[in-house]
Amino acid sequence: MEKMNNAFEKMKMLVGMEVEDEHQQPAIEEDGNSFSFMDDFNRQCTLTTKQRFYGFAICLVSGLTCTLLSILVFFHPIKFGITFTFGNLLALGSTAFLIGPKRQVSMMLDPVRIYATAIYLASMIIALFCAFYVRNKLLTLLAIMLEFGALIWYSLSYIPFARSMVSKIMVSCFDTEF
């Protein structure tokens, strides 16, 4: 049974979940508050491992379904923009179930990917704004293209050296002498 518990704890650490430690004491900050907002939020959102995996799977499958179904309404850019962006939001939120909202936010705000995160989130907001308020098909389609490019760049930020490799490939492709 001990081997099973150790393997389970290693799996939790692998996916980024916090491992329970009886000896761990909460750190008291200088202003007297024992926890920050995100720590309090994480404590209120305690889920079992099974619930986390179910939430992850449901959100991810729902997000991928919305994204794939958006292809059916591709020729209606406003509907396409809404379903594509909603699918991206669900897929992005699915990882918060797996690793927890605190770690998700801290990874998104990591200095390595802060700009990619900001551009990705801003492109989603712009796409929804163009779809809901402006209702211009061309602007919505351009916003979705920006969102897709930002999604690729954001995803590459999680793979070591991927963005620099893609940048070098793109430069070498467009750096042709005539």
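Tutor: In this predicted model, a residue is called buried under 20% relative accessible area, exposed over 50%, and partly exposed in between.

Student: Why is aspartate 110 called partly exposed?

Tutor: Its relative accessible area is 28%; since partly exposed covers values between 20% and 50%, aspartate 110 belongs in that class.

Student: What makes arginine 113 buried?

Tutor: Arginine 113 has a relative accessible area of 9%, and buried means under 20%, so the term applies.

Student: How do you know that aspartate 110 and arginine 113 meet in a salt bridge?

Tutor: The N to O distance between their side chains is 3.8 Å. The cut-off is within 4 Å, therefore the contact qualifies. The structure holds 1 salt bridge.

Student: What ring does the charged end of arginine 113 sit over?

Tutor: The charged end of arginine 113 sits over the ring of tyrosine 158, 3.9 Å from the ring centre.

Student: Why is the pair of phenylalanine 74 and phenylalanine 75 called edge-to-face?

Tutor: Their ring centres lie 5.5 Å apart, with 80 degrees between the planes. Rings pair within 6.5 Å, and planes over 60 degrees apart count as edge-to-face, so both conditions are met.

Student: Why, then, is the pair of phenylalanine 129 and tyrosine 133 tilted?

Tutor: The centres are 5.6 Å apart and the planes stand at 45 degrees. Stacked requires under 30 degrees and edge-to-face over 60, so this pair is tilted. Both residues lie in helix α6, 4 residues apart.

Student: What makes tyrosine 133 exposed?

Tutor: Its relative accessibility is 66%, and exposed means over 50%; phenylalanine 129, at 46%, is partly exposed.

Methods: Residues are numbered from 1 along each chain as its sequence is written. This is a predicted model: local features need pLDDT of at least 70, side-chain atom pairs count only at pLDDT 80 or more; totals for chains, interfaces and linings use all residues. Side-chain values use heavy atoms; hydrogens and water are left out. Buried means under 20% relative accessible area, exposed over 50%, partly exposed in between (1.4 Å probe, protein chains only). Rings of Phe, Tyr and Trp (its six-membered ring) pair if their centres lie within 6.5 Å; planes under 30 degrees apart count as stacked, over 60 as edge-to-face and the rest as tilted. Helices (H or I, at least four residues) and strands (E, at least two) are DSSP runs, numbered from the N terminus. A charge sits over a ring if NZ of Lys or CZ of Arg is within 6 Å of the ring centre and within 35 degrees of the ring normal.
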